[in-house]
Amino acid sequence: MNELVQELCGCERENLTCTSTTSQYADVSVSLKLKPYAIVGKMSTECCGEPVIALRPCGSGSCQCEITITQTVCVRIPIEYGTEADIGETKTNCKKNCGCGDGGTSIPCR
């Protein structure tokens, strides 16, 4: 840079560089394919309390003894839930520069 231009710009001889910052809006997207799964583990059962026995009365004719037994049980069913994701290609769509970098006060151009 010649000395006359340096003086007009207010530049000092030792500082012959300058910095500039620019910004750009961009929409960035990626597709994901989600594959949910559920895995049932080993089930277990535990009796809770005593069984209840109900006798059915005999009808006419040949009498047979019929009972109903009812037991409350606790069934534990471990299930693992999850999702696997296949990540697709990333895509970018650059936008017009409408104040990007001004602290977010401008509305982006579409």
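**Close-up views of a predicted model**

**View 1. Lys95 in the segment after E4.** Lys95 counts as buried, its relative accessibility being 16%. The model is predicted. This lysine belongs to the segment that follows E4. Which residue, 69 positions away along the chain, has its C-alpha atom 5.3 Å from that of Lys95? The partner is Ala26. Lys95 is called buried because 16% falls under the 20% cut-off. Of the chain's 110 residues, 4% are classed as buried.

**View 2. The chain as a whole.** One helix and four strands make up the secondary structure. Read from the N terminus, their order is α-β-β-β-β. Contacts between residues at least 6 apart in sequence are considered here, and 74% of them join residues at least 24 apart. The chain has an accessible surface of about 9,900 Å². Carbon and sulfur atoms account for 55% of that surface.

**View 3. A nonpolar patch on the surface.** Seen here are Val40, Met43, Val73, Val75, Ile77, Ile79 and Tyr81, which form a nonpolar patch. Together these residues have about 680 Å² of accessible area. Which strands each supply at least two residues of the patch? They are strand E3, spanning 66-76, and strand E4, spanning 79-94.

**View 4. Val75 within the patch.** Val75 is one of the residues of the nonpolar patch and sits in strand E3. Is Val75 buried, exposed or partly exposed? Its relative accessible area is 44%, so Val75 is partly exposed, as the value lies between the cut-offs of 20% and 50%.

**View 5. Cys48 and the sulfur of Cys74.** The structure contains zero disulfides. Cys48 takes part in no disulfide, and the nearest cysteine sulfur to it belongs to Cys74, at 5.2 Å. A disulfide requires the two sulfur atoms to be within 2.5 Å, so the pair of Cys48 and Cys74 at 5.2 Å does not count as one. Cys48 has a relative accessibility of 32% and counts as partly exposed.

**View 6. Cys65 at the surface.** How does Cys65 count, buried or exposed? With a relative accessibility of 68%, Cys65 counts as exposed, because that class begins over 50%. Cys48, by comparison, is partly exposed at 32%.

Terms used. Residues numbered from 1 in each chain as written. Predicted model: local features only at pLDDT ≥ 70, side-chain atom pairs only at ≥ 80, totals over all residues. Heavy atoms only, no water. Buried < 20%, exposed > 50% of the residue type's maximum accessible area, 1.4 Å probe, protein only. Contact = heavy atoms within 4.5 Å. Areas by Shrake-Rupley, 256 points an atom, 1.4 Å probe, with all protein chains shown as cover. Patch = residues over 30% accessible without salt bridge, like charges linked within 9 Å, V, L, I, M, F, W, Y side chains within 5 Å. Salt bridge = Lys/Arg side-chain N within 4 Å of Asp/Glu carboxyl O.
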